[in-house]
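Q: Please take a close look at the cysteines of this chain and at the elements of the fold around them. I should like one connected account.

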Amino acid sequence: MFYDAATETAPLEKIREIQWQKLQDMLKKVYQSNRFYQNSFKKHGVALEDIRNLDDIVKLPFSTKKDFQKDQEENPVFGTNLTEPFENYVQFHQTTGTTGKPLKWLDTKECWLWRARCMAHSLAAAGISSKDVLLLPFNFGPYTAFWGVYEAAQHLDVLTIPTGGWTTEQRLSCIGENNATLIIGTPTYMLRLAEAAQDLGIDLAGSSIRVLILAGEPGAMIPAVREKLERAWGAKVFEYPGLTETGTYAFMCDQDNQALHIIESEFIVEVLDSKTGKSVADGEIGELVLTNLGRTCSPAIRYRTNDRVRLERSSCACGRTFGKLIGGVLGRQDEMLIVRGVNVFPSTMANIVEEYLELGNEYLITAFRRGDMDELKIQIETTPESKDVSEIITTEMKKRLNLRVEIQTVPRGTLARSDYKGKRFIDERSKRA
Ligand SMILES: [Zn+2]
């Protein structure tokens with residue numbers, strides 16, 4: 001199902017036209033009254049007149065999380081990325097602060113509705129309509145992700161059940177009591193709910209839930225995680241990525257569960273070589289840089305997401321022309337480890353472990369030093385009934401990544417569990433000079 005069929009299936013030239021129109025409108029306002037970008041553009045010597053067509057976007061400077069953090073520190077309390085008078089802002093959110101001080105982000109009513117519309121692409125693509133019933137199994141805090149889903153569901157007239165403050169058991173009962181058809185959460189928490197249902201003797205696979213939408217961490221595109229979730233919930237699994245700074249910028253369609261469509265009518269996407277700042281060819285891995293076009297009140301212009309992606313422009317069976325991120329977000333640019341000369345991303349190791357891990361068992365990957373050597377240890381939970389997967393994981397790590405790992409099995413329940421994002425990688429090596 002489409003949210004906006006006309007733009008979602010428009011030829012690339014038409015999409016570029018839409019982008020150019022929206023970019024001009026936004027830049028005019030930003031040049032007029034947004035101090036953050038006024039200063040940044042001035043510092044880089046770019047005038048509004050220098051931007052004569054869509055390709056000129058490369059003349060604009062990048063923005064980064066650090067820039068916004070610094071701005072908020074120097075200009076309390078909300079920084080200067082505010083295009084409109086303060087009294088127009090109605091929504092406050094902040095980042096989780098996993099990489100430094102949490103970033104605050106404000107939206108006006110208009111921008112907030114724009115965010116809901118972006119998210120609505122995601123719900124529509126997952127086949128969600130006003131006939132569905134959405135269960136929201138999380139506490140409404142200042143983090144933006146699930147608020148966006150709530151607003152999008154309201155925008156699409158979907159009946160919405162909030163369960164903030166409830167226990168896992170109450171949330172599970174709520175599904176059957178109200179015939180909920182859609183549930184949204186992190187893969188970690190969706191697996192946790194499935195595990196709890198198993199313990200409580202609740203038949204989730206036979207429940208009314210037909211769609212699971214994941215966010216917050218990779219999951220739907222890791223085949224092993226996807227299969228586990230689809231089997232446990234008896235539901236189709238979708239995923240969408242989003243950032244507080246940019247909003248929801250992509251979604252999964254029902255024809256390709258190994259890619260995410262960029263909402264190109266609302267975002268300009270660039271994939272760059274992080275070191276040179278130059279575009280990489282389509283199909284090559286690079287850093288995702290986003291410009292959102294409808295959030296003029298507090299925009300992200302050429303925002304470096306630090307996420308590694310691969311953009312392709314092949315046609316999709318769903319009929320959409322929006323470009324695709326193959327494999328979704330492939331990892332964080334700054335997370336790459338060098339272990340005994342081998343470059344590896346923790347997410348790549350995690351994917352291999354997930355392939356062999358049983359539902360309910362946790363794992364933890366630790367990089368540490370032994371003498372002068374970097375070592376990797378993977379702790380894997382097991383039960384007396386679990387298959388021993390130590391050998392196969394050791395072999396696959398060696399075969400696929402050329403990495404030697406030590407596997408340690410521990411009883412189920414030993415490793416920390418989270419209801420939000422799981423922490424499954426620790427680097428204990430001290431920083432070397
Ligand atoms: Zn598609």
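A: A disulfide is here a pair of cysteine sulfur atoms within 2.5 Å. In chemical terms, such a link is a covalent bond between the sulfur atoms of two cysteines. The model is a predicted one, and by this criterion it holds one disulfide. The partners are Cys111 and Cys297, whose sulfur atoms lie 2.4 Å apart. The bond links distant parts of the chain, with the two positions 186 residues apart in numbering. Cys111 belongs to helix H5 (residues 109-125), whereas Cys297 sits in the loop between strand E13 (285-292) and strand E14 (303-312). Both Cys111 and Cys297 are buried.

Two further cysteines may be considered for their accessibility. Cys174 has a relative accessible area of 2%, and therefore counts as buried. Cys316 has a relative accessibility of 10%; because buried means under 20%, Cys316 is buried as well.

The numbering of Cys174 leads to helix H7 (residues 168-178) and to the sheet on which that helix packs. The sheet is open and consists of five strands in the order E4-E3-E5-E6-E7, with parallel pairing. Its edges are formed by strand E4 (159-162) and strand E7 (236-239), each of which pairs on one side only. On average, neighbouring strands of the sheet are turned by 25° against each other, direction ignored.

Within the sheet, strand E3 (residues 133-136) and strand E5 (residues 182-185) run parallel and are joined by two bridges. Leu135 stands opposite Ile183 in E5. Two helices touch this part of the sheet. Helix H6 (residues 145-155) lies across E3, E4 and E5 and runs at about 160° to E3. Helix H7 touches E3, E4 and E5, and its direction makes about 170° with that of E3.

A helix pair from an earlier stretch of the numbering completes this account. Helix H2 (residues 12-33) packs against helix H3 (residues 35-43) at an angle of about 90°, and their axes are 6 Å apart. Because of that angle, H2 is roughly perpendicular to H3. On the H2 side, the contact involves Leu27, Val30, Tyr31, Gln32 and Ser33; on the H3 side, Arg35, Tyr37, Gln38 and Phe41 meet them. Sorted by class, the contact of H2 with H3 comprises five nonpolar, three polar and one charged residues.

Methods: Residues numbered from 1 in each chain as written. Predicted model: local features only at pLDDT ≥ 70, side-chain atom pairs only at ≥ 80, totals over all residues. Heavy atoms only, no water. Axes fitted to C-alpha atoms, helices over the stretch in contact; angles between N-to-C directions. Helix = DSSP H or I, 4+ residues; strand = E, 2+ residues; numbered from the N terminus. Parallel < 35°, antiparallel > 145°, perpendicular 65-115°, else oblique. Contact = heavy atoms within 4.5 Å. Nonpolar A, V, L, I, M, F, W, Y, C, P; charged D, E, K, R; others polar. Buried < 20%, exposed > 50% of the residue type's maximum accessible area, 1.4 Å probe, protein only. Pairing = 2+ DSSP bridges.
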